[in-house]
Amino acid sequence: MKCLNARAFFATVGLLVALSCGLAAAQGVSAPPPAPKQASINGVDLVYLEQGQGAPVVFVHGAFMDNRAWEGQREAVAQHYRYFALTQRYFGTAPWPDGGEKFSLATHADDLTVFIRELKVGPVHLVGWSYGGAIALLLAVQHPELVKSLFVHEPAGIATFVTDAADAKILGEDRRDIVAPAASASKVGDTAGAVRLFFDGVNGQPGIFETLPSAARSMLLDNARTIPLLFAAPPPPAISCAQLGQIKVPVVIAKGELTRPSYRILADTASRCIPGSRLAVVSQGRHAAPSVSPAAFNEVLLGFLKNS
């Protein structure tokens, strides 16, 4: 496994903290998902789900997940909007198009850009979570013409917009607490153990992984094979507070009421950087709120979409 320099280490942690994901596949969804579709994006075939009619809403999952991460939102959103959920390159269960050498936040942001353009549905409501939230922020900065509104739950993966020294110190310490146990497991090739430890860590609840329904655990473990890619990934593109300040569309940055300090700092700072954005708190939520607390999360999300 490639060793990380300090910058890449913290960037990787930001990617990995997104692993609290994919639980909603077992959260009582009332109907099975639609048949998956395929899109040819930048020379690779990517799977996505589409359901409903109306204004397009594109969901961007984070690390250690795929389009199943948004099952807690799919039906609620598809009742009123045209729902899209993409499984990004290297995630899911399909064979990789290569050895994983193109895995990076920049690659995923570029793939998402092409995907939205290929949909030919005009600017979209963009919803991102954790690593997917960082991708959504980057896309909104680089391609504002593609975004009608932006909803991000606890962005992680890019922290360069956090410039307060005290916040940066807390952020770094909290990330180390999250990543250290999983990094040790990954170092000896125990990717399944690393996923379990990361899930427990990002939620601040030791042992919670083992309490999940089997479908939820399976989805997390399906994506455990990306651990070596995450650790070897190059540092993500930097985003400054000033760049975030150029986002002009309606924006909500959401965070869980009970979330860890690193996620709180990232969400609070991103919201402060974007003039006119609203900081929303998911009641009793943590980093995994979209799937663990779907009702509370959906209330915030649907309220935003209705008024955007």
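In this predicted model, E210 has a relative accessible area of 48% and is therefore partly exposed, a class that ends at 50%, above which a residue would count as exposed. Its salt-bridge partner is R196, with the closest N and O atoms 2.9 Å apart. The two residues lie 14 positions apart and link distant parts of the chain, since R196 belongs to helix 6 (191-203) whereas E210 sits in the loop between helix 6 and helix 7 (214-222). R196, at 30% relative accessibility, is likewise counted as partly exposed.

The segment that carries E210 also contributes an aromatic contact. F199 and F209 form an edge-to-face pair, with 6.1 Å from centre to centre and 75 degrees between the planes. This pair, too, links distant parts of the chain, with F199 in helix 6 and F209 in the loop between helix 6 and helix 7, 10 residues apart. Both rings fall in the buried class, because F199 has 0% relative accessibility and F209 has 1%.

**Salt bridges**

Side chains of opposite charge can pair when their charged atoms come close. The structure holds 12 salt bridges, and the table lists three of them, including the one already described.

| Salt bridge | N to O distance | Accessibility class |
|---|---|---|
| E71 and R74 | 2.9 Å | E71 buried, R74 buried |
| D174 and R260 | 2.8 Å | D174 buried, R260 buried |
| E210 and R196 | 2.9 Å | E210 partly exposed, R196 partly exposed |

The salt bridge between E71 and R74 is local in sequence: the two residues are three apart in helix 2 (residues 71-78), so about one helical turn separates them. E71 is buried with a relative accessible area of 9%, and R74 is buried with a value of 0%.

The side chains of D174 and R260 meet in a salt bridge of 2.8 Å, N to O. Because D174 lies in helix 5 (residues 165-187) and R260 lies in the loop between strand 7 (251-256) and helix 10 (261-273), this pair ties together parts that are 86 residues apart in sequence. D174 and R260 are both buried. Beyond these pairs, K37, E50 and R82 are linked in a network of salt bridges.

**Strands and aromatic contacts**

Strand 1 (residues 37-41) pairs with strand 2 in the antiparallel sense over five bridges. Within this pairing, S40 has D45 of strand 2 as its bridge partner. The hairpin formed by strand 1 and strand 2 has two residues between the strands, and N42 takes a positive phi near 50 degrees there. Strand 2 is also joined to strand 4, with four bridges between the two antiparallel strands, and here Q51 stands opposite Y83 in strand 4.

Turning to the rings, the structure holds 12 aromatic pairs. One of them is the tilted pair of Y48 and F84, with 6.4 Å from centre to centre and 35 degrees between the planes. Y48 lies in strand 2 (residues 44-51) and F84 in strand 4 (residues 82-86), and the pair links distant parts of the chain, 36 residues apart. Y48 counts as buried at 10% relative accessibility, and F84 is buried with a relative accessible area of 0%. Y83, the residue opposite Q51, belongs with F59, W70 and W129 to one aromatic cluster.

Key
Residues numbered from 1 in each chain as written. Predicted model: local features only at pLDDT ≥ 70, side-chain atom pairs only at ≥ 80, totals over all residues. Heavy atoms only, no water. Salt bridge = Lys/Arg side-chain N within 4 Å of Asp/Glu carboxyl O. Buried < 20%, exposed > 50% of the residue type's maximum accessible area, 1.4 Å probe, protein only. Phe/Tyr/Trp six-rings, centres within 6.5 Å; stacked < 30°, edge-to-face > 60°. Pairing = 2+ DSSP bridges.
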